[in-house]
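Please go through the model shown below and explain, term by term, what justifies the words used to describe it.

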Amino acid sequence: MSELLLNVEDLSVYYGVIQALKGISFQVNRGEIVSLIGANGAGKTTTLHTITGLIHPKAGKVTYKGQEITRVPAYKIVSMGMVHVPEGRRIFQNLTVYDNLLLGAYSRKDKAEVEKNMENVLRQFPRLDERRKQLAGTLSGGEQQMLAMGRALLSSPELIVLDEPSMGLSPLLVNEIFEIVKSFREAGKTVLLVEQNAKKAMSISDRAYVLENGVITMSGNAAELAADDRVRKAYLGA
């Protein structure tokens, strides 16, 4: 039986008088890749920001590893094993690649283990290893995305929350980024993925949820959803 890692119940979020999320509920089990798909403005990024403590909901509950985290500050959520790779990468342009990676381990005290993780990340991302002394702002878009993902791994997460990792990248790099996401699952991590390239996201996901105007309208096995005519017409260009 699957172990429940993240449980979101009846989440409602407002921006002023506008309701962005209208009582959404979903689950992520340990070891899965779960995709959240939907059009721009559907509430996908708001969902991720609420789960990772950057926004507080008006109502509803977020439970992680059996513990309620609805109003826990973002930095504490990171130390509990959930890390957020935001849309737009948000790397520190004026720091070196190595220092950016190191910041991922900022809240950790296990120095020897951090060094081991750093070696693993540099092995997994050879381009970052080659550019470790370079300023992060001089990297290409794809390399910056790898840096954001590598930095996330340095926090030693159990759940990686990814927001639009392929945005603005060439098709070749998109394939590479998705291979990296798959490798996270192979390494025993769990992934919650928001991605504009729904076809690609569904192809690597175990399950998916469709978010429309702040409401989850469909959910299920990713392959079955990808074959559904409504999903194909709306999101897969079929």
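**Reasons behind the terms**

In this predicted model, α2 (74–79), β6 (82–85) and α6 (141–153) each supply at least two residues of the lining of the largest pocket.

Q: Which element gives the largest share of the lining of the largest pocket?
A: The largest share comes from α2, which supplies 5 residues. The lining as a whole has 23 residues, and those that lie nearest the centre of the pocket are Val78, Val83, His84, Leu103 and Arg151. The space in this pocket comes to about 640 Å³.

Q: What makes a residue count as part of the lining of a pocket?
A: A lining residue must have an atom within 4 Å of a grid point of the pocket. For the second largest pocket, Asn117, Asn120, Val121, Gln124, Leu153, Ser156, Ser183, Phe184, Ala187 and Lys189 are the lining residues. The elements that give two or more residues to this lining are α4 (111–124) and α7 (171–186), and α4 gives the most, with 4 residues. The volume of the second largest pocket is about 220 Å³.

Q: How do the linings of the two pockets divide into nonpolar, polar and charged residues?
A: In the largest pocket, the lining has 14 nonpolar, 7 polar and 2 charged residues. In the second largest pocket, the lining has 4 nonpolar, 5 polar and 1 charged residues.

Q: Why is helix α1 called largely enclosed?
A: A residue is buried when its relative accessible area is under 20%, and 6 of the 8 residues of helix α1 (residues 44–51) are buried, so the helix is largely enclosed by the rest of the structure. The buried residues are Lys44, Thr46, Thr47, Leu48, Thr50 and Ile51. Just after α1, Gly53 takes a positive phi of about 85°.

Q: Is Ile69 buried or exposed, and where is its place in the chain?
A: Ile69 has a relative accessible area of 1%, and since buried means under 20%, Ile69 is called buried. Its place is in the loop between β5 (67–68) and α2. The C-alpha atoms of Ile69 and Met80, which are 11 residues apart along the chain, are separated by 9.8 Å.

Q: What makes Leu103 eligible for a nonpolar surface patch?
A: Patch residues need over 30% relative accessible area and no salt bridge; Leu103 has a relative accessible area of 34%, which makes it partly exposed. Together with Phe92, Leu95 and Tyr106, Leu103 makes a nonpolar surface patch of about 420 Å². Leu103 is found in helix α3 (residues 97–103).

Q: How do you know that Arg131 and Glu130 form a salt bridge?
A: The rule asks for a side-chain nitrogen of Lys or Arg within 4 Å of a carboxyl oxygen of Asp or Glu, and for Arg131 and Glu130 the closest N and O atoms are 3.1 Å apart, so the pair satisfies the rule. Arg131 counts as partly exposed at 22% relative accessibility, whereas Glu130 is exposed, with a relative accessible area of 61%. By this rule the count comes to 13 salt bridges.

Q: Why are Lys182 and Glu179 said to be separated by about one helical turn?
A: Lys182 and Glu179 are 3 residues apart in helix α7, so about one helical turn separates them. An α-helix has 3.6 residues a turn, so residues three or four places apart point the same way. Lys182 forms a salt bridge with Glu179, the closest N and O atoms being 3.3 Å apart. Lys182 counts as partly exposed at 25% relative accessibility, and Glu179 likewise counts as partly exposed at 47%.

Q: What does the salt bridge between Asp206 and Arg185 tie together?
A: The side chains of Asp206 and Arg185 meet in a salt bridge, at 3.0 Å from N to O. Asp206 lies in the loop between α8 (198–204) and β9 (207–212) and Arg185 in helix α7, so the pair ties together parts that are 21 residues apart in sequence. Asp206 is partly exposed, with a relative accessible area of 29%, and Arg185 counts as partly exposed at 26%. Elsewhere, salt bridges that share partners join Glu3, Arg30, Lys65 and Glu158 into one network.

Technical notes: Residues are numbered from 1 along each chain as its sequence is written. This is a predicted model: local features need pLDDT of at least 70, side-chain atom pairs count only at pLDDT 80 or more; totals for chains, interfaces and linings use all residues. Side-chain values use heavy atoms; hydrogens and water are left out. Buried means under 20% relative accessible area, exposed over 50%, partly exposed in between (1.4 Å probe, protein chains only). Patches are made of residues with over 30% relative accessible area and no salt bridge: like charges are joined within 9 Å, nonpolar side chains (Val, Leu, Ile, Met, Phe, Trp, Tyr) within 5 Å. Accessible areas come from the Shrake-Rupley method with a 1.4 Å probe; for residues, only the protein chains shown count as cover. On a 1 Å grid over the protein atoms alone, a cavity is a set of points where a 1.4 Å probe fits but cannot get out, and a pocket is an open set with protein on both sides within 12 Å along at least five of seven lines; lining residues have an atom within 4 Å of a point. Grid points are joined across faces, edges and corners, and a volume is the space filled by probe spheres set on the points. Ala, Val, Leu, Ile, Met, Phe, Trp, Tyr, Cys and Pro count as nonpolar, Asp, Glu, Lys and Arg as charged, and the others, Gly among them, as polar.
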